[in-house]
Each structure stands twice: as structure tokens, then as C-alpha cells.
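Dear colleague,

Please find below the structure I promised to hand over. I would be grateful if you could read the notes that follow with the coordinates open beside them.

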Amino acid sequence: MLELRPTCENCNKVLPPDATDARICSYECTFCAHCVDTVLHNVCPNCGGGFVPRPIRPSTNWKGDNYLGKDPASTAVRHRPVDPKDHVRFSATIRTIQPEHR
Ligand SMILES: [Zn+2]
Ligand SMILES: [Zn+2]
């Protein structure tokens, strides 16, 4: 199950469970869409993988207790700002070997 982390790791923007601009990598490193597009260029600074939009967990108990009331979002903030210069170098290396990052 996703943790639904509360903020963007880079800029600390609040990303509530219903945020449509939350992006996650396969390890659930969490960033806002703005940082993914303008700073990270779709390369996760922690694992080198790509990002997808984070799905929204319902706040309403539509079915079988699968909702935020039973499985609340994480409140553990991870603020690890990315050095844009380091990241340009890192992401450039990955782009040359992983075609999906072109
Ligand atoms: Zn951000
Ligand atoms: Zn990652």
C-alpha cells in the first residue's frame, strides 16, 4: 500500500492525498509535478527511475473499508532538496542508458 507522503521532497510543497500534482517513483519518492518537470526532468534523484502521477485514495468508504479513514496518509515529512547541478549530471548519465527517459 502507498504511504501517501505529505510533501514534495524537493520544495516541501504540501501534497494531500487528493493532490492531482503529486508524482511518485516506484519506491514512492514523492515530488510535486512542478519539480518533476522543471528540476528533476522525470528522473528520481534517489533511485534514477521515472515518475507517474500518484493515484488518489478515496476519503469516502465506497467499498470494504478501503479509504483514508481506515488507511490514512503518512505524516512523515521527507525534505531532501535536490542540488540542480548535481541532478543535471546524474540525470544526463541515466538518459544515455535508459531510452524511456528521453
Ligand atoms: Zn516540489
Ligand atoms: Zn526513487
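The notes below take the metal sites in turn and then the aromatic residues. Please bear in mind throughout that this is a predicted model.

Zinc ion (ligand 1)

The zinc ion (ligand 1) has as its protein donors the SG atoms of Cys8, Cys11, Cys32 and Cys35, lying 2.3 Å from the ion. The angles among these four donor atoms run from 100 to 120°, and the site is tetrahedral. For reference, the ideal angle for four tetrahedral donors is 109.5 degrees. Along the sequence, the donor residues of the zinc ion (ligand 1) show the spacing C-x2-C-x20-C-x2-C. Cys11 belongs to the segment before strand 1 and Cys32 to strand 2, so this pair ties together parts that are 21 residues apart in sequence. As to accessibility, Cys11 is partly exposed, at 38% relative accessibility, whereas Cys32 is buried, at 3%.

Zinc ion (ligand 2)

For the zinc ion (ligand 2), the protein donors are the SG atoms of Cys25, Cys29, Cys44 and Cys47, at 2.3 to 2.8 Å from the ion. Here the arrangement is irregular, because the four donor atoms subtend angles of 84 to 154°; a tetrahedral site would need all angles between 85 and 135 degrees. The donors of the zinc ion (ligand 2) are spaced C-x3-C-x14-C-x2-C along the chain. Cys25 sits in the loop between strand 1 (22-24) and strand 2 (30-32), and Cys44 in the loop between helix 1 (33-40) and strand 3 (52-53), so the two tie together parts that are 19 residues apart in sequence. Cys25 is buried, with a relative accessible area of 5%, and Cys44 is buried as well, with a value of 0%.

Aromatic residues

How many aromatic pairs does a search of the whole structure find? The search finds one. The pair consists of Phe31 and Phe51, whose ring centres are 5.5 Å apart and whose planes stand at 85°, so the pair is edge-to-face. Phe31 is in strand 2 and Phe51 in the loop between helix 1 and strand 3, which means that the pair ties together parts that are 20 residues apart in sequence. Both Phe31 and Phe51 are buried.

Strand 2 thus appears under two of these headings, because Cys32, in the pair with Cys11, lies there and because Phe31, in the pair with Phe51, lies there too.

With kind regards

Key
Residues numbered from 1 in each chain as written. Chains lettered and ligands numbered in written order. Predicted model: local features only at pLDDT ≥ 70, side-chain atom pairs only at ≥ 80, totals over all residues. Heavy atoms only, no water. Donors = N, O, S within 2.8 Å, 3.2 Å for Na, K, Ca; no water. Tetrahedral: all angles 85-135°; square planar, octahedral: opposite > 155°, others 65-115°. Helix = DSSP H or I, 4+ residues; strand = E, 2+ residues; numbered from the N terminus. Buried < 20%, exposed > 50% of the residue type's maximum accessible area, 1.4 Å probe, protein only. Phe/Tyr/Trp six-rings, centres within 6.5 Å; stacked < 30°, edge-to-face > 60°.
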